[in-house]
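Let's take a walk through this protein, from its outer surface to one residue inside and then to a pocket.

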Amino acid sequence: MRAPAAPVYRYDFADHARGGLRLRVREVEIVCRAAGALWVEAQGVLIVADLHLEKGSAFAVHGQMLPPYDTRETLGRLEAEVAALSPRLLVFLGDSFHDKGGEDRLAAGDVARIETLALGRTLLWLAGNHDPAAPRALPGDVAEVFAIAGLDLVHEPTAEPGGLEIAGHLHPCAKVRGKAASVRRRCFVTDGERVILPAFGAYAGGLNIRDAAVVKLMRRKPLAAVLGSGRVHAIGWGSLAVD
């Protein structure tokens with residue numbers, strides 16, 4: 001992993017009172033929200049990744065019974081973000097459903113909630129590896145890739161360092177060393193050129209950002225924007241532990 005002397009990201013804590021950490025990536029100002037959503041205020045765009053809706057019901061189909069409330073909880077947090085920010089565009093970065101049949105298993109009430117999210121704004125669905133087909137009956141537009149302020153919005157990060165993009169797919173998590181113990185939390189991760197979002201879904205797992213699958217994508221030692229209780233913490237590479 002190459003490490004240029006001067007990082008190209010900057011951050012401040014001005015948004016902590018509103019539940020976020022403000023970053024500037026390639027001169028694009030973004031806010032990493034404590035709920036796990038990314039807010040591009042100047043463009044009025046709210047971005048979420050990897051909701052994995054209906055993961056609980058997908059496991060139940062195969063005989064592994066999980067509490068069937070993941071979709072309800074995930075949509076509740078998304079509704080709160082939309083209510084707080086009133087975006088003009090809501091982007092789903094793929095793996096919005098856990099499998100190809102997830103849309104068909106949505107409860108009628110959850111379909112209505114997604115329809116309500118679309119009132120007064122556009123929903124944009126990107127395909128993921130879990131849900132390669134676009135939603136058939138839900139409102140919104142569909143795209144394989146979408147650009148905003150010079151950054152490509154994609155599901156899976158491109159394979160080489162230097163991608164100017166906002167991506168999901170990897171479900172990044174950080175293990176943060178403390179004096180007495182360590183904690184593991186979902187996080188955003190950025191090297192100043194690309195940003196990888198945490199999974200927004202209630203039942204989504206996570207990959208430690210010190211894993212080679214993440215490290216190889218970064219041009220320099222990245223910054224972790226770690227989700228805490230009501231705020232996001234900027235954590236440097238040296239404070240992060242492997243699992």
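**Surface, core and a pocket**

The protein exposes about 10,800 Å², and carbon and sulfur atoms supply 53% of that area (Shrake-Rupley method, 1.4 Å probe). Keep in mind that this is a predicted model: local features need pLDDT of at least 70, side-chain atom pairs count only at pLDDT 80 or more, and totals for chains, interfaces and linings use all residues. Residues are numbered from 1 along each chain as its sequence is written, and side-chain values use heavy atoms, with hydrogens and water left out.

Of the 243 residues in the protein, 51% are buried (under 20% relative accessible area, 1.4 Å probe, protein chains only). As for the fold, there are five helices and 18 strands (DSSP runs, H or I of at least four residues for helices and E of at least two for strands, numbered from the N terminus). Among contacts (heavy atoms within 4.5 Å) with a separation of 6 or more, 66% are between residues 24 or more positions apart.

Now zoom in on glutamate 165, which sits in strand 11 (residues 165-167). Glutamate 165 is buried, with a relative accessible area of 3%. Its side chain reaches the backbone nitrogen of threonine 158 at 2.9 Å. Leaving aside neighbours within four places in sequence, glutamate 165 is in contact with residues including Leu151, Asp152, Glu193 and Arg194.

Definitions and conventions: Buried means under 20% relative accessible area, exposed over 50%, partly exposed in between (1.4 Å probe, protein chains only). A polar contact is a pair of N or O atoms within 3.5 Å; within protein, one must be able to donate a hydrogen and the other to accept it, and residues adjacent in sequence count only if both atoms are side-chain atoms.
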